[in-house]
Amino acid sequence: MNWLTNIIRPRIRSLVGAKEVPDNLWQKCPGCENLLFTRDLEARFNVCSHCGHHLRLPVKQRLNMLFDDGKYELIELPKVPSDPLKFRDSKKYADRLRDTQAKTGLKDAITVAAGTVGGQKIVIAVFNFNFMGGSMGMAVGEGIVRASEEAVSRRAALMIVPSSGGARMQEGILSLMQMPRTMIAVERVKRARLPYIVLLTDPTTGGVSASFAMVGDIHMAEPGATIGFAGRRVIEETVRETLPKDFQTAEYLREHGMVDMVVPRAEMRETLARILRLLMDRGASQGDVIGGSGKAKATGGGKSLSLNPPANTSSQGQLAAKRALRQVRAAKRALENLEGKESGRTRVGQ
Ligand SMILES: [Zn+2]
């Protein structure tokens with residue numbers, strides 16, 4: 001198209017030698033429109049140094065940021081049939097999938113890893129928005145089921161980090177079926193008395209926000225993240241009302257009780273470690289005794305840890321469940337107090 005780029009540039013390159021000059025040396029901040037040097041941006045976990053805007057964070061960087069010493073083990077995810085409906089829009093779904101896989105180097109929109117945060121065991125499942133808008137199809141559903149199973153068998157906490165436009169339309173009803181499937185998967189983690197944490201990132205919408213992403217024990221969110229079911233325009237046209245400016249943001253949802261805390265990326269690791277310490281440490285000694293029976297129920301006793309299940313399982317189980325609930329409530333209260341103190345308002349004895 002342009003003779004400068006098409007003819008002159010390759011010639012100069014061939015003379016100088018093809019030195020790797022990345023195209024994305026600078027990025028524009030979507031928040032304040034300032035130019036940001038990519039290397040600086042990466043060092044700050046993709047947070048703008050001018051306005052604090054949280055740009056999307058690639059999966060690898062997020063895992064490095066969260067896990068102790070950036071060390072983690074990737075969990076192999078089961079294969080799923082690709083394109084079972086032989087779907088085609090402007091392009092064949094099979095081709096679209098193959099292109100995206102080549103472009104991103106990923107198999108699908110989810111990555112699952114296990115390791116420790118603050119010394120506590122955790123399995124983290126992260127969505128990749130660059131992979132077809134982080135849409136949830138069979139592969140993503142399978143990834144969440146696998147992550148939940150892994151958390152239960154390792155007696156680790158589960159954290160899911162959604163960033164998704166919702167269900168994957170190209171898989172039709174099969175993608176919608178992932179909504180109840182993922183709900184059951186995370187329910188298993190809860191029944192095994194292990195914490196299930198959701199870190200809502202930009203954007204969490206559609207079928208993802210209408211399923212596993214809204215049933216966490218603790219909901220954290222990144223500042224400014226868009227979280228909602230339908231888009232703003234659709235809602236405004238349906239209810240014929242103008243919505244507040246900050247509608248569907250992480251901060252708005254915190255004010256209205258859907259999100260427990262909005263945590264800047266710089267404090268994310270420390271906050272997560274603190275939550276895990278509160279939820280995991282106290283339960284550990286009791287959890288190992290009674291958790292075994294819970295697991296046996298959930299998995300049919302396949303690889304149960306408890307060799308000698310307690311005699312009257314049901315009443316002990318109920319007691320354990322009550323105790324766990326009390327602990328989670330106490331932990332939530334403690335966190336609320338802590339947050340209150342940080343913002344100058346003390347809410348002790350609530
Ligand atoms: Zn900015």
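**Strands, core and helices of a predicted model**

Two bridges join strand β8 to strand β9, residues 261–262, and the two strands run parallel. I begin there, and I should say at once that this is a predicted model. Within that pairing, A221 of β8 has V262 of β9 as its bridge partner.

Turn now to the other neighbour of β8. Strand β7, residues 196–200, pairs with β8 in the parallel sense, over four bridges. Here L200 is the residue that stands opposite A221. A221 therefore appears in both pairings, with L200 opposite it in one and V262 as its partner in the other.

Is β8 buried or exposed on its two faces? Both faces are covered. On one side I218 and M220 are buried, and on the other side H219 and A221 are buried as well.

Let me widen the view to the sheet. It is an open sheet of seven strands, in the order β3-β4-β5-β6-β7-β8-β9, with mixed pairing. Its edge strands are β3, residues 73–74, and β9, each of which pairs on one side only. Further along that order, strand β5, residues 120–127, is joined to strand β6, residues 157–161, by five bridges, and these two strands run parallel. A125 stands opposite I160 of β6. Helix α3, residues 59–66, lies across β4, β5 and β6, and runs at about 165° to β5.

I come next to the nonpolar core. Which members of the largest core touch the most other members? They are I124, A157 and L158, out of 64 residues. Helix α5, residues 138–154, supplies the largest share of this core, namely seven residues. L158 deserves a closer look. Setting aside neighbours within four places in sequence, L158 is in contact with V123, A147, S148, A151, V186, V189, L194 and Y196.

Two of those contacts, V186 and V189, are among the buried residues of helix α7. The others buried in α7 are Q178, T182, A185, R188 and K190. Does the length of this helix agree with expectation, and what is the span? At 1.5 Å a residue, the 14 residues of α7, 178–191, should span 20 Å; the end C-alpha atoms are 20 Å apart, which agrees. After α7 comes R193, whose phi is positive, near 60°.

To close, I return to the starting point: β8 is paired in parallel with β7 and with β9, and both of its faces are covered.

Technical notes
Residues are numbered from 1 along each chain as its sequence is written. This is a predicted model: local features need pLDDT of at least 70, side-chain atom pairs count only at pLDDT 80 or more; totals for chains, interfaces and linings use all residues. A nonpolar core is a set of buried Ala, Val, Leu, Ile, Met, Phe, Trp, Tyr and Cys residues joined through C-beta atoms within 7 Å. A residue is buried if 20 or more other C-beta atoms lie within 10 Å of its own, exposed if 12 or fewer, and partly exposed in between; C-beta atoms are placed from the backbone. Two residues are in contact if their C-beta atoms, placed from the backbone, lie within 7 Å. The expected span of a helix is 1.5 Å times one less than its number of residues. Two strands pair if DSSP finds at least two bridges between them. Axes are lines fitted to C-alpha atoms, for helices over the stretch in contact, and angles run from 0 to 180 degrees between N-to-C directions.
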